[in-house]
Amino acid sequence: ADYYLLNSTKDSLFFGKSMNNKIKKKIIITGYLKYQKWWINKILSTNFKKTYKRFTILVVTRPVRNIKKGDFSEESYNYLVSSIMQISNKIKNSLVIFKTHPNNRGSENKLLKGILSSYSQNKWKIQNIHTLKLAKKADICISFQTSACMDCLAVKRFAVEFWLNKLDYNFLIKKNNKHISVFKYFGLVESVDSKKKLEKLILKFKKNKFSGLFKKQMINFSKLNKNNININKLIKLIETDA
């Protein structure tokens with residue numbers, strides 16, 4: 001390769017023993033280019049309706065994975081979805097938008113529709129357009145432990161992670177004898193692990209009592225993007241060396 005575009009200096013660890021001075025000279029730290037305003041505006045400018053005119057909860061999911069103990073089970077998936085719908089049913093004029101994961105979307109949609117069939121069709125939608133567009137329409141975003149929570153923060157939406165950490169702990173980080181996601185570790189999400197905690201959090205959010213937590217999320221999100229290189233500067237740099 002002529003260049004290696006890395007999100008941060010920490011990503012250079014992936015080169016392992018193959019790292020040398022020749023590779024180092026080709027590395028450009030870009031930050032997350034997909035979270036620059038020019039890219040976000042490009043996505044939001046096409047076929048975009050700003051709001052649903054209801055209290056809208058966006059849920060970004062991930063598919064079930066039943067391979068070994070600690071994986072994300074179908075039972076857990078059912079609990080998360082059902083809990084969200086039961087909470088939404090208590091909120092007047094609310095809507096839940098589910099954004100399913102691109103991997104195994106067919107099988108996940110089938111499972112999700114089966115769970116949602118018990119609830120009024122007026123209370124939920126399944127949509128597969130870009131997460132940035134859906135998050136921009138939403139009032140609050142709930143993540144099933146997925147990087148899509150960063151898309152929500154990119155359009156300045158409060159991000160909640162709803163995940164049964166004691167049961168579905170594979171791929172999590174262990175800190176102070178507790179399993180947490182990498183997103184919680186970096187302070188990008190407010191994490192809850194029960195319907196009761198989620199309901200309490202959402203109701204407090206509706207009363208505008210989470211401005212401090214949201215401010216911290218945005219500060220932590222900005223820290224991850226502090227090395228963002230302007231796209232025009234990047235193009236000029238590459239063209240100059242070409």
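Two exercises with worked solutions follow, both resting on a predicted model.

**Exercise 1.** Determine how the axes of helix α3 and helix α8 are arranged, and state which residues bring the two helices into contact.

*Solution.* Two packed helices are described by the angle between their axes and the distance between the axes. For helix α3, which spans residues 74-89, and helix α8, which spans residues 195-206, the axes come within 10 Å and cross at roughly 40°. Angles under 35 degrees would count as roughly parallel and those from 65 to 115 as roughly perpendicular, so α3 is oblique to α8. The crossing in which α3 passes α8 is right-handed. On the α3 side the contact is made by Tyr79, Ser83, Ile84, Gln86 and Ile87, while α8 contributes Lys195, Leu198, Glu199 and Ile202. Sorted by class, the contact of α3 with α8 comprises 5 nonpolar, 2 polar and 2 charged residues.

**Exercise 2.** Describe the protein chain as a whole, from its secondary structure to its compactness, burial and contacts.

*Solution.* Begin with the secondary structure, which comes to 10 helices and 10 strands. The radius of gyration of the chain is 20 Å, close to the 18 Å that the globule rule gives for 242 residues, and the chain is therefore as compact as a globular protein of that length. Taken along the principal axes, the box filled by the C-alpha atoms is roughly 60 × 40 × 40 Å. Turning to burial, 45% of the 242 residues are buried, the cut-off being under 20% relative accessible area. Finally, among the contacts with a separation of 6 or more, 71% join residues that lie 24 or more positions apart.

Technical notes
Residues are numbered from 1 along each chain as its sequence is written. This is a predicted model: local features need pLDDT of at least 70, side-chain atom pairs count only at pLDDT 80 or more; totals for chains, interfaces and linings use all residues. Side-chain values use heavy atoms; hydrogens and water are left out. Axes are lines fitted to C-alpha atoms, for helices over the stretch in contact, and angles run from 0 to 180 degrees between N-to-C directions. Helices (H or I, at least four residues) and strands (E, at least two) are DSSP runs, numbered from the N terminus. Angles under 35 degrees count as roughly parallel, over 145 as roughly antiparallel, 65 to 115 as roughly perpendicular and the rest as oblique. A crossing is left-handed if the near helix is turned anticlockwise from the far one by less than a right angle, and right-handed if clockwise. Contact means heavy atoms within 4.5 Å. Ala, Val, Leu, Ile, Met, Phe, Trp, Tyr, Cys and Pro count as nonpolar, Asp, Glu, Lys and Arg as charged, and the others, Gly among them, as polar. The radius of gyration is taken over C-alpha atoms; the globule rule is 2.2 Å times the number of residues to the power 0.38. Buried means under 20% relative accessible area, exposed over 50%, partly exposed in between (1.4 Å probe, protein chains only).
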